[in-house]
Amino acid sequence: MPIVSAPRVVASGRVAAPGAVVVEDGRIAAVLDRRPAPGAGHLALDRGVLAPGLIDLQLNGAFGVDLVDAAPQGWERVTRRLPSTGVTGFLATFISAPVGDLVAAMGRAVSARALDGDCTGSRLLGVHLEGPFLSPRRRGAHDAGHLVDTTAELVDCLIEEGRGILSLITLAPERDGALEATKRLAGAGVLVSVGHSDALAEDVAAAAEAGARMVTHVFNAQRGLHHREPGVAGQPLADARLACGLIADLHHVHPAICRVVMEAARDRVALVTDAVSALGMPPGRYDLGSEVVELRAGSPPLRADGTLAGSTLRLDEAVGNVVGLGVDPVRAVEAATRVPAALLGRSDIGRLEPGARADLVWLSDSWRALATWVGGVQVWRATGT
């Protein structure tokens, strides 16, 4: 596949209509504002949009697999099937647990990444620890018994044991030791995100000053927006230092507020799924860390007490949802590609530019994945396309 063209190509913050991407040795050699002449090695897509492969910063599991304790075949199942949602790279997300259990889970993630070097599925880009340094007042689906303060010993343990795999950690900045932990983690190259927090806006601003660069699933499991106290949800809407993770399934956040987030934070929104093992599965009971969640028709997964517990959202669906709210399609695509890649410090993914990896997704006119390439190799294509 040296050349792939499409009626629309999203690249460098604009749409080429038509356009094409030239691939050499698994990387993008050029992006063209035209369709080249037909010929050998030219794949001419007849409809839809060609975009960078999607990147999910918050994936707990999928297809019946909870990643925190997945066996090798479970990891393989997720990475091989995830391209059907347009995702070419993701962070495995582990919710709050004893630190020793999180360390063991990161070790399994290292092993899984070592075995997945043949470009046959989505890339595991790293691990997102969603906890255990969270507020019990905003714990969401997390087990309150696993939530702890951010001691230097625990933080140093996670940095050392997570070296090379720990990419993102969510914490509550109001917990004892959290600001020092933020400085230590950010200094070690870990992306720090504020979440599951009852903090005031000034605490969130202090976390940003200490090195935090994101808010996890904005408006969910955090102090909300008030006109006299912006809270955790309000601060990142106006604070250019902070990106907003957004679960745009239109259940976790009302459509009107999704639109507000996309317009207020604009190029600082990272669409995430927060998907759990129930993604791609029928109604039933599924695992989320130490919790059991129930998936019912027409509803996100729920704990027994009715608390939202992750989602079954596909990332291509999230892009389509925000486009359906009137958001510019380029910004919608970039919220699932360029923005998360930049948060991870990756300039080689999440964009269609010369030198970047040839991770591509062909999206339909209704924003569903039709085909996916990783490193220039087609790893999935919808039946009948």
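**Figure 1. The second largest pocket and its lining in this predicted model.** A total of 17 residues line the second largest pocket. Nearest its centre lie H196, H217, D274, L308 and G310. The pocket has a volume of about 200 Å³. Sorted by class, its lining has six nonpolar, nine polar and two charged residues.

**Figure 2. The largest pocket and the residues closest to its centre.** This pocket holds about 230 Å³ of space. Its lining is made of 16 residues. The closest to the centre are L279, T312, L313, R314 and E317. By class, four lining residues are nonpolar, eight are polar and four are charged. How is such space found? Rolling a probe the size of a water molecule over the atoms shows where empty space is left.

**Figure 3. T170, a buried residue in strand β13.** Strand β13 covers residues 166-171, and T170 sits in this strand. The relative accessible area of T170 is 0%, so T170 counts as buried. Which side chain does the side chain of T170 meet in a polar contact? The partner is the side chain of T216, at 2.7 Å. T216 also appears among the contacts of T170 beyond four places in sequence. The others in that list are H128, L129, E130, G131, L134, S193, V194 and G195.

**Figure 4. V127 in strand β12.** This strand runs over residues 123-130. Is V127 buried or exposed? V127 has a relative accessible area of 0%, so it is buried. Leave aside neighbours within four places in sequence, and V127 is in contact with nine named residues: L91, A92, F94, M106, A109, I165, L166, S167 and L168. R175 gives a sense of distance. V127 and R175 are 48 residues apart in sequence. From C-alpha to C-alpha, they are 22 Å apart in space.

**Figure 5. Helix α5 and the elements it packs against.** Helix α5 spans residues 201-210. Its buried residues are A201, V204, A207, A208 and A210. What do these buried residues pack against? They pack against α4 (178-187), β14 (191-194) and α6 (231-238). Now look just past the helix. There, G211 takes a positive phi of about 125 degrees.

**Figure 6. D348 in the loop between α10 and β20.** Helix α10 covers 338-343, and strand β20 covers 360-363. D348 lies in the loop between them. How accessible is D348? Its relative accessibility is 17%. The cut-off for buried is under 20%, so D348 counts as buried. The side chain of D348 makes a polar contact with the side chain of R346, at 2.8 Å. Not counting residues up to four places away in sequence, D348 touches R27, A356 and R357.

**Figure 7. Cysteines without a disulfide.** How many disulfides does a search of the whole structure find? The search finds zero. C244 shows why. Its sulfur has its closest cysteine sulfur in C258, 11 Å away. A disulfide needs the two sulfur atoms within 2.5 Å, so this pair is too far apart for a bond. C244 counts as buried because its relative accessibility is 0%. C157, in contrast, has a relative accessibility of 28%, so C157 counts as partly exposed.

How values were computed:
Residues are numbered from 1 along each chain as its sequence is written. This is a predicted model: local features need pLDDT of at least 70, side-chain atom pairs count only at pLDDT 80 or more; totals for chains, interfaces and linings use all residues. Side-chain values use heavy atoms; hydrogens and water are left out. Buried means under 20% relative accessible area, exposed over 50%, partly exposed in between (1.4 Å probe, protein chains only). On a 1 Å grid over the protein atoms alone, a cavity is a set of points where a 1.4 Å probe fits but cannot get out, and a pocket is an open set with protein on both sides within 12 Å along at least five of seven lines; lining residues have an atom within 4 Å of a point. Grid points are joined across faces, edges and corners, and a volume is the space filled by probe spheres set on the points. Ala, Val, Leu, Ile, Met, Phe, Trp, Tyr, Cys and Pro count as nonpolar, Asp, Glu, Lys and Arg as charged, and the others, Gly among them, as polar. Helices (H or I, at least four residues) and strands (E, at least two) are DSSP runs, numbered from the N terminus. Contact means heavy atoms within 4.5 Å. A polar contact is a pair of N or O atoms within 3.5 Å; within protein, one must be able to donate a hydrogen and the other to accept it, and residues adjacent in sequence count only if both atoms are side-chain atoms.
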